[in-house]
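Please read the following with the sequence and the 3D view side by side. The account moves from one part of the chain to the next and can be checked against the model at each step.

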Amino acid sequence: MKIWVDADACPVVIKSILFRAAERTGMLLTLVANQPMRIPPSRCIQLLQVASGFDAADKEIVKRLSVGDLVITSDIPLAAEVIEKGGYALTPRGELYTEDNIKERLNMRDFLDTLRASGIDTGGPPALSQRERNAFANHLHKLLITH
């Protein structure tokens with residue numbers, strides 16, 4: 001299993017958890033971003049910088065993804081593609097996307113996009129809570145020990 005991170009929007013605290021997990025397990029962790037970012041020096045952690053552009057990082061992740069790989073993302077369409085290719089998709093808030101829940105999430109995303117397009121303010125997500133950080137760490141741990 002390799003771990004891929006849709007890194008441009010990934011919270012710093014989640015990246016820190018991932019860095020520690022990569023070091024502990026020796027699994028390859030690749031942050032994919034369209035801007036430079038700092039990563040700790042490690043044989044297990046790398047940054048793949050892609051060109052700027054709409055969904056450039058997402059496309060690169062899908063292109064390189066193998067069956068059984070884990071992708072950390074809040075991007076629901078990317079998560080759907082990951083699941084379709086046989087990978088795992090985990091949000092920074094600790095929610096594991098599955099074949100059972102991804103269609104519902106896509107429908108809700110499309111509904112909210114429609115509301116925003118009509119001028120309705122749907123607000124943004126709340127700040128990442130300690131409970132969500134713990135949920136992320138717990139799901140990550142379970143995925144890493146079973147694969």
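The paragraphs below take up a helix and its surroundings, then a loop residue, then another helix, and finally the cysteines.

The model is a predicted one, and a convenient place to begin is helix H5, which covers residues 130–146. This helix has 17 residues and reaches 24 Å from its first C-alpha to its last, close to the 24 Å expected at 1.5 Å a residue. Its buried residues are Phe136, Leu140, Leu143 and Leu144. Viewed down the axis of H5, these buried residues fall within an arc of 95°, so they line one face of the helix. On the face turned away from that buried side, H5 carries the exposed residues Arg131, Lys142, Ile145 and Thr146. The buried residues of H5 are covered by elements that include strand E1 (3–6), helix H1 (12–25) and strand E4 (70–72), together with E5 and E6.

The last two of those strands lead to threonine 91, which sits in the loop that runs between strand E5 (88–90) and strand E6 (96–97). With a relative accessibility of 5%, threonine 91 counts as buried, because the cut-off for a buried residue is under 20% relative accessible area. If its neighbours within four places in sequence are left aside, threonine 91 is in contact with Thr73, Tyr97 and Phe136; Phe136 is also one of the buried residues of H5.

Helix H3, residues 76–84, has as its buried residues Ile76, Leu78, Ala79, Ala80, Val82 and Ile83. The N-terminal end of H3 is capped by aspartate 75, a side-chain oxygen of which lies 2.8 Å from the backbone nitrogen of leucine 78, and leucine 78 is itself among the buried residues of the helix. After H3 comes glycine 86, whose phi is positive, near 90°.

The cysteines remain to be considered. Why is cysteine 10 too far from the closest cysteine sulfur for a bond? The closest cysteine sulfur, in cysteine 44, is 18 Å from the sulfur of cysteine 10, whereas a disulfide calls for a pair of cysteine sulfur atoms within 2.5 Å. Cysteine 44 is likewise in no disulfide, the sulfur of cysteine 10 being the nearest cysteine sulfur to it, and the structure holds 0 disulfides. Cysteine 10 counts as buried at 6% relative accessibility, and cysteine 44 is buried with a relative accessible area of 1%.

How values were computed: Residues numbered from 1 in each chain as written. Predicted model: local features only at pLDDT ≥ 70, side-chain atom pairs only at ≥ 80, totals over all residues. Heavy atoms only, no water. Buried < 20%, exposed > 50% of the residue type's maximum accessible area, 1.4 Å probe, protein only. Helix = DSSP H or I, 4+ residues; strand = E, 2+ residues; numbered from the N terminus. Contact = heavy atoms within 4.5 Å. Expected span 1.5 Å × (residues − 1). Arc of directions from axis to C-beta. Polar contact = N/O pair within 3.5 Å; in protein donor to acceptor, adjacent residues only side chain to side chain.
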